[in-house]
Amino acid sequence: MQLSRSDPPIRQFDPVRAPALRGSMRLAVMGGAALLAVLSSSEARAEFTVCNQTLDVVNLAVGQKVDNADQTDGWWTIGANQCVNVIREELTNRYIYIYATDVFGHAILTGSTEMCIERRRFSIRGIDECWQRGHIAAQFLEVDTLEQARWTFFLTGSNP
């Protein structure tokens, strides 16, 4: 058989490279399928996320209206330069309240709205008479989400 200059080169089967190529092709197809599944997901998740842009680990408590009553929940531990979704449901409240402490329990983010917390994990209904009900009163920062479905709060060293 004679080849002319216009004929494409003949490719020979290389048994050494064939398994690697099959593995690469399989990986590319699986990666593409995973990416397509993520991008084609039509369900938008509403949430309130807090990103810790400080160099310290922080503990976070969150307050919001639940069934027409004020409720506080805690604690979420957020590492330095990490984000955590603290409310995973659709945001139905314009205002979310947050309070953060360092690992020693010292307040590092406070505001002007008094709400109740505990030293350990908690979920407390109501914000009145914290001390009388056996809880600790803390000053939460009010975050205006502007009635958005998703909101991210960035905790920096210069927050009020």
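**Exercise 1.** Classify K65, at 43% relative accessibility, as buried, partly exposed or exposed, and then characterise the salt bridge that joins K65 to D70.

*Solution.* Buried means under 20% relative accessible area, exposed means over 50%, and partly exposed lies in between, with a 1.4 Å probe and protein chains only; K65 at 43% therefore counts as partly exposed. D70, at 18%, counts as buried. A salt bridge requires a side-chain nitrogen of Lys or Arg within 4 Å of a carboxyl oxygen of Asp or Glu, and the K65 and D70 side chains satisfy this at 3.2 Å, N to O.

The model is predicted, so that local features need pLDDT of at least 70 and side-chain atom pairs count only at pLDDT 80 or more, while totals for chains, interfaces and linings use all residues. Residues are numbered from 1 along each chain as its sequence is written, and side-chain values use heavy atoms, with hydrogens and water left out.

**Exercise 2.** State how many salt bridges a search of the whole structure finds, and place the E47 and R150 pair in the chain.

*Solution.* The search of the whole structure returns three salt bridges. In one of them, the side chains of E47 and R150 meet at 3.0 Å, N to O. This pair links distant parts of the chain, E47 being in strand β1 and R150 in strand β10 (residues 150-155), 103 residues apart; strands are DSSP runs of E with at least two residues, helices are runs of H or I with at least four, and both are numbered from the N terminus. E47 is buried at 8% relative accessibility, whereas R150 is partly exposed at 48%.

**Exercise 3.** Which parts of the chain does the D144 and R94 salt bridge tie together?

*Solution.* The side chains of D144 and R94 meet at 2.7 Å, N to O. D144 belongs to strand β9 (residues 136-144) and R94 to the loop between β4 and β5, so the pair ties together parts that are 50 residues apart in sequence. D144 is partly exposed at 27% relative accessibility, and R94 is partly exposed at 33%.

**Exercise 4.** Locate N81, and list its contacts beyond four places in sequence.

*Solution.* N81 sits in the loop between β3 (69-78) and β4 (82-87), and its relative accessible area of 53% makes it exposed. Taking contact to mean heavy atoms within 4.5 Å, and leaving aside neighbours within four places in sequence, N81 touches N52, Q53, T54 and L55. N81 and C51, which are 30 residues apart in sequence, are 6.9 Å apart in space, C-alpha to C-alpha.

**Exercise 5.** Describe the lining of the largest pocket, and say which elements give two or more residues to that lining.

*Solution.* A pocket is an open set of points, on a 1 Å grid over the protein atoms alone, where a 1.4 Å probe fits and protein lies on both sides within 12 Å along at least five of seven lines; lining residues have an atom within 4 Å of a point. The residues that line the largest pocket include N59, W75, T77, Y99, T101 and F104. The elements giving two or more residues to this lining are β3 and β5 (95-101).

**Exercise 6.** Summarise the overall fold by its elements and its order from the N terminus.

*Solution.* The protein has one helix and 10 strands, and from the N terminus on the elements run α-β-β-β-β-β-β-β-β-β-β. Of the 160 residues, 34% are buried.
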